[in-house]
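Okay, thanks for squeezing me in. I'd like to walk you through how the chains touch each other in this one, so let me get it up on the screen.

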Amino acid sequence: MSEPYLVGEAMTGGYGNGPDILHECTVSVEPGEIAVIVGPNGAGKSTAMKAIFGMLSLGKGKVKLNGEDISKLSPQDRVLKGMGFVPQNQNIFTSMTVQENLEMGAFIRKDDFSVTMNQVFNLFPILLEKRNQSAGELSGGQRQQVAVGRALMTKPSVLMLDEPTAGVSPIVMDELFDRIIDVAKSGISILMVEQNARQALEIAHKGFVLVQGRNAFSGSGKDLLADKEVRKSFLGG
Amino acid sequence: MEFLHAIIVLSNFVVIPAIAYGSQLALGALGVTLVYGILRFSNFAHGDTMAFGTMVAILFTWWFQSIGVSIAPLPTALLALPIAIVVTAALLLGTDRVVLRFYRKQKSAPVILLIVSLGIMFVYNGLVRFIIGVGDQRFSDGARFIISARDFKKLTGLDEGLAIKTTQVITVITAILVVAILFWFLNRTRTGKSMRAFSDNEDLALLSGINPERVVLYTWLIVAALATIAGTLYGLDKSFKPFVYFQLLLPIFAAAIVGGLGNPLGAIAGGFLIAFSEVFITYAWKKVLMYTLPEQFAPSGLMQLLATEYKFAVSFAILLVVLLFKPTGLFKGKSL
Amino acid sequence: MNENIKTYFLFSAVFLLIVITGFVQSWNSALFILNMGLISAVMSLGVNLQWGIAGLLNVGIMGFVGLGGLATVLVAMQPVPEAWNAGGTRILLGLIFGVVTIALSVLIYKKIKNASWRFISISIFLISGFFIYKSILTPGVIAVEAVNPAATGYLGGLGLPVLFAWPVGGLLAAGAAWIIGKTALGLRSDYLAIATLGISEIIIAILRNEDWMTRGVKNVAGIPRPVPYEIDLQASEDFVNRAANFGLDPTTASTLFVKIAYAGLFGLVLLLLVWFSQRALKSPWGRMMRAIRDNETAAEAMGKDIKSRHLQIFILGSAVCGIAGAMMTTLDAQLTPGAYQPLRFTFLIWVMVIVGGSGSNLGSILGGFLVWFLWVQVEPIGYWLVDLITAPMDPDSPIRLHLLDSVAQMRLLTMGLFLLLMLRFYPRGMIPEK
């Protein structure tokens, strides 16, 4: 099997000088696929995501993008390499308009980004409608669309989402997942952390179940959903 | 006729001076609010930054006057203004590089930066006093009035005069221009938007590849311009005295807080609110009341609510009221 | 180096500096520095209570010091019966009316819950109250100020011994601190800073303008002393003989004696306050205060009432500043409202606290002495330096003259640099908190 497109390999590390949260944890995603990280609270899901994006230093292990070792790059440099990241909280500029949020997403681009912006508007039509409205005035689901749209503005090859459906209603969640599938279909790899494990695994090509910073199970989304032990421990039967 | 006279007296002594003073405060408060929004601390050195900028403007005014350069009827200080802004910007950027950047890298608490700004305030204050002294400096030249009280009376045949000083008109026009340019910059340009983004959500701004040092650089450049312009306009309108500029800190901060710290629109509204309240409350209303009230109610005293020396009490009272009733300010604070 | 040895060493060094001043300049200036150093130490002790122990930012020290000064006038000056007859009762009535009005508006604030109604009714109440207050007060003020304005023109004080003024100064400052604390504590720390800056400017404005109370810029001179007068000493045969034993002429001996007596009194106050603060710092109360400072959220979660603790310490610290202010005016024997400058009375105290070591009582005392010493001595040193540097210039060169002229301003520059350097390289101060 050839090397995956983006991979965090045997990552071990924690925040600052604190204790290690991740232990030999491996997470990967292929082009145009959706990979989901699930697991109980405190399993290090978000930490794994942040480690891949370079927001904490790894003691051991490395992060590779398209075969290139990017372990030493800063988050900003990883953005330049084609990674997009949507944090869980405070992931939009609340005082700025929707359009300005997207423009700030494209801040590092020197070329004309109007085409990308139109693509984002096509993907999220509601944003086109509300583009001159202050992002802070939008509903939870719409805010998440702004956040994803902002990250898409750099034309990333990988989009990383930290709990994109936290705090939104089930209907909005389904809608968001549909959009995420659309994004993946356009060829962008998706790596996301999800609390709603069952729904997330249903749309995932690949799933990683973390427990206490270690890989507990991994496999295709279908396999994991079918796995008795996974169901019993994490999906509530 | 009586009513018209009352309006003229009111405009002459209250409305026009308050508009000019309000513009100066608004420009000062904008500087404070920008530093607060982007560098995230209350900059107590702002009054002395204004004093420094004004001092440079005065020195160059004197130099221009000595070599006979003039833009009469406009005051020479306007010609010196751009140079003063450049010098002040150099000072602020130097201060940032030598002093403030260290604390930024350390991610020090805002209150530590506030104390650091006290040190900077001392240094600037000493610098200004060292160079130009503590005395009162008047540096306004050119035409003194657009229309003097006597001309106005002659022109209209009214008993009351309306004087409009050149400096007042210059203040208002400059303030409008500066604010228009600032808002255009913040809302329309890439750099301006990146500053707003940085102020709104620093982490996300970093994720978006916005370079914080560049944002800080632009902030200081703008603050230097705002402080120098505000200070020079104030000095032209009244006079320049280092200690008075230090004392302006209180109404300026009151304006920024009343409007909502970090909110430029709020800073402007706050500036005018403070200025109008100050002038309203310390003005002797006797004349206006004499024109508006029936004779038997004519006031005997000056009808001054508070002595002029208590003008700080006005800023302070407004500040307290806002803190009690709406601690985030009239406009939503902490957003650029 | 052992912490204790270092502390002794630093205090001895400052003491030595003062002694050297005695030998090089004069013992009079040395004692002046010592006395003002003691007072400064009390002030920085008060500020350290607020900032070092509770993390509260008070930039209105000047106001509290000014209230202390006011207390000496109100307590120690003889009352002026003519002025009291002319309008004293009226003024008193006006003030009582004012206080009642404010108290009632606070009651309204508490009773009415609807925000806009609350605002409207309080505004109407306060504005009409203000007019009535003024109409009661103003005639009284005019009458009082008309009574022999060159000599009195004010109500005078209670005619009590001046030492009573010290605790009264503390009480006045505590009262002002209570008002500020009630409104601005619990909000962002910057707001407290601005609010204290505001109240201090207002207090000083009151001292300067309410002539019926303080004679304003005409100053109140001749405040009675807690120590003997030089002239009395010189007239006392016993004292002159004793002075002769030391080989001193009566004039010098009497001035030195008076200053030493003051130093004794101030030292006593300082020792008392240090003793209290040290005990407080080590008590459960002090530990709780520091716990709150270091982690407000955690302390709140543990059920500590942070706002009222903060109010407590804010009042205490301000009261200490008030006591120091009363001591200072007592030393000057006159109240000069025009002399209160924020750079000198607020921000210089901050330099003392930061340089000495925030959170450390001994540190702030050391800072008080050292910074005061520098504040006084920078000018002569600067003059000497500038003179030296510009010596090659023409003695009448305008640059040289301007520089020599501006030397007085160098102290601000020096203090600012000193503060910035300490903050950068020794942020915990000379005697750090343990």
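So, let's start with chains A and B. Their contact involves 16 residues on the chain A side and 15 residues on the chain B side. If you look at chain A, the elements putting in two or more residues there are α2, at 75-80, and α3, at 98-105. The largest share comes from α3(A), with four residues. As for chemistry, chain A's side of that contact has eight nonpolar residues, six polar ones and two charged ones.

Before I go on: this is a predicted model. Its scores are ipTM 0.91 and pTM 0.91. Chain C has an average pLDDT of 91, and 100% of its residues come in at 70 or above, that is, at least 70.

Okay, on to chain C and chain B. How many residues does each of them bring to the contact? Chain C brings 36 residues, and chain B brings 34 residues. On the chain C side, the helices and other elements giving two or more residues are α5 (115-146), α6 (165-184), α7 (189-209), α15 (342-356) and α18 (410-425).

And which of those gives the largest share? That's α7(C), with 14 residues. Sorted by class, the chain C residues facing chain B split into 25 nonpolar, seven polar and four charged.

So if you want two places to zoom in on, go for α3(A), which has the largest share of chain A's side against chain B, and α7(C), which has the largest share of chain C's side against chain B. That's my bit, happy to rotate the view if anyone wants.

Definitions and conventions. Residues numbered from 1 in each chain as written. Chains lettered and ligands numbered in written order. Predicted model: local features only at pLDDT ≥ 70, side-chain atom pairs only at ≥ 80, totals over all residues. Contact = placed C-beta atoms within 7 Å. Nonpolar A, V, L, I, M, F, W, Y, C, P; charged D, E, K, R; others polar. pLDDT = per-residue confidence, 0-100.
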